[in-house]
Amino acid sequence: MANTYTLIAAVNVGAGGASSIDFNSISSSYTDLVLSLSVRTTQATTADDLLMRVNGDSTAGRYAYKDLYGNGSGSGSGGSTSASFNYVGRATGSTATNSTFASNQIYFTNYAGAITKSITFDGVTENNASGAFGDFLANSYNQTTAISSITVYPQSGASFVQYSTAYLYGVKNA
Amino acid sequence: MAAGSTYTPIANYTASGSVSSYTFSSIPSTYTDLVLVSSVKAASGTPSMYMYYNGDATTLYSFTGLAGNGTAASSTRNTNIAGTANWVSAYNNGVSSTNFNSNMIQVMNYANTTNNKTSLTRWTGADYETVAIANLYRSTNAISSITIGLQSSINFVAGSTFTLYGIAAA
């Protein structure tokens, strides 16, 4: 069998929506993790900010991020050196073009190693008007424990809508 | 039709702490694309990481980079540069002893003999910048080796890891 991303778990949001997307009890047997998201929320906006925490940790100062973004009319950069969450781009919101979901990928390098965690994000929203974004992000989590759980949620407090999906893959280096 | 394989490990290397560069050699030509994933920290200073192919460090390289430092976006371009100045990262040295930076380099269509070779890099250092770089090697030779190293011959910290994967289209 060909080597490939190994699917660890999948989330398919149902008719009732979901306030967060959660992966728990993640095995430490892989080298890296890849989380692929196709997401839209109920927030009345075209692009709804997404946050992430690992290991259920909401401790202030354990997360940092640097964002590089463009929105079709300009570009910029933002971030935080001391936060209680990682910033992982955006989902499309309820006022974006119908049936349009953001495409995001989060790569966790050496997620189980005894080092602080360096996490790479690439993602885009789209809207047949203004208010779409492309984001490149550098995230970090400054604890050396292995990542065993991941939670992604809208900063707005809105819910992910039905047909939002999330797939967590493991990648092995041998 | 069988699906192609993705991320098949070709080789991996963990730095011992006493080397400033490493070469993946004898890369098979049987894949479509290559992906080099690394977790890197420098032993001192804030060096960038370079990459060149096939032992060729001549001035056949160029790159365009895009960066965000949390305050502003910026872009950099260098042309006709040597392989040892063909940057695939920003500064590699996190603020703590356990803070390693992530790097993913994708080399598309690496084994063809008709095209110059391009690659896309994503470098992550949340205490410094998020960076995307497009690199060009003006040679149509198939890539059979990749050399990566730190600027000014600074050593990789022990525990820095590098994995080369192959992706087959079918």
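The side chains of Asp122(A) and Arg122(B) come together in a salt bridge, with 2.5 Å from N to O. This pair belongs to a predicted model, and it is a helpful place to start reading the structure. The bridge crosses from one chain to the other, running from Arg122(B) in strand β8 (residues 117-125) of chain B to Asp122(A) in strand β9 of chain A. Arg122(B) counts as buried because its relative accessibility is 9%, below the 20% limit for that class. Asp122(A) has 27% relative accessibility and so counts as partly exposed. As general background, side chains of opposite charge can pair when their charged atoms come close.

What else joins the two chains? Between chain A and chain B the count is one salt bridge, and there are 14 residue pairs in polar contact, both residues being at pLDDT 80 or more. On the side of chain A that touches chain B, strands β5, β6 (75-83), β8 (102-109), β9 and β10 of chain A each supply at least two residues. Sorted by class, that side of chain A holds 15 nonpolar, 16 polar and five charged residues. In total, 36 residues of chain A and 35 residues of chain B take part in the contact. The two chains bury about 2,600 Å² between them, and 59% of this area lies on carbon and sulfur atoms.

Strand β10 (residues 134-141) of chain A deserves a look of its own. Six of its eight residues are buried, so the strand is mostly covered. Strand β5 (residues 63-70) of chain A is joined to β10(A) by eight bridges, and the two run antiparallel. Within this pairing, Tyr65(A) stands opposite Asn139(A). Strand β9 (residues 117-124) of chain A is also joined to β10(A) by eight bridges, again in antiparallel fashion. Here a familiar residue returns: Asp122(A), the partner of Arg122(B) in the salt bridge between the chains, stands opposite Phe136(A) in β10(A). When following such strands by eye, it helps to remember that in a regular strand the side chains alternate between the two faces of the sheet.

Salt bridges also occur inside chain A. Over all chains, the count comes to five. Arg90(A) forms one with Asp49(A), their closest N and O atoms being 3.6 Å apart. Arg90(A) lies in strand β7 (residues 86-92) of chain A and Asp49(A) in strand β4 of chain A, so this pair ties together parts that are 41 residues apart in sequence. Arg90(A) also meets Asp67(A) in a salt bridge, at 3.8 Å from N to O. That second pair links distant parts of the chain as well, with Asp67(A) in strand β5 and Arg90(A) in strand β7, 23 residues apart. Buried or exposed, how do these residues count? Arg90(A) is buried, with a relative accessible area of 10%, and Asp67(A) is buried at 4%. Asp49(A), by contrast, is partly exposed at 25%. Together with Asp135(A), the residues Asp49(A), Asp67(A) and Arg90(A) are linked in a network of salt bridges.

The loops of chain A offer further detail. Val13(A) lies in the loop between β1 (6-12) and β2 (21-23), and it counts as buried because its relative accessibility is 7%. Leaving aside residues up to four places away in sequence, Val13(A) touches Ala18(A), Phe160(A), Val161(A), Gln162(A), Tyr163(A) and Ser164(A). One of these contacts, Tyr163(A), sits in the loop between β11 (150-154) and β12 (165-171). Tyr163(A) has a positive phi of about 80 degrees although it is not a glycine, and at 62% relative accessibility it counts as exposed. Asn55(A), in the loop between β4 (47-54) and β5, has a positive phi of about 55 degrees, although it is not a glycine either.

Chain B has loop residues worth finding too. Asp56(B) is placed between β4 (49-53) and β5 (61-68) of chain B, and counts as buried because its relative accessibility is 16%. The side chain of Asp56(B) makes a polar contact with that of Tyr137(B) at 2.8 Å. Ser139(B) is found in the loop between β9 (129-137) and β10 (146-150) of chain B; at 9% relative accessibility, Ser139(B) counts as buried. The side chain of Ser139(B) reaches the backbone nitrogen of Asn141(B) at 3.1 Å. Beyond residues up to four places away in sequence, Ser139(B) touches Asn115(B), Asn116(B) and Lys117(B).

Terms used:
Residues are numbered from 1 along each chain as its sequence is written. Chains are lettered from A and ligands numbered from 1 in the order in which they are written. This is a predicted model: local features need pLDDT of at least 70, side-chain atom pairs count only at pLDDT 80 or more; totals for chains, interfaces and linings use all residues. Side-chain values use heavy atoms; hydrogens and water are left out. Buried means under 20% relative accessible area, exposed over 50%, partly exposed in between (1.4 Å probe, protein chains only). Helices (H or I, at least four residues) and strands (E, at least two) are DSSP runs, numbered from the N terminus. Two strands pair if DSSP finds at least two bridges between them. Contact means heavy atoms within 4.5 Å. Buried area is the accessible area (1.4 Å probe) that two parts lose on being put together, summed over both. A salt bridge is a side-chain nitrogen of Lys or Arg within 4 Å of a carboxyl oxygen of Asp or Glu. A polar contact is a pair of N or O atoms within 3.5 Å; within protein, one must be able to donate a hydrogen and the other to accept it, and residues adjacent in sequence count only if both atoms are side-chain atoms. Ala, Val, Leu, Ile, Met, Phe, Trp, Tyr, Cys and Pro count as nonpolar, Asp, Glu, Lys and Arg as charged, and the others, Gly among them, as polar.
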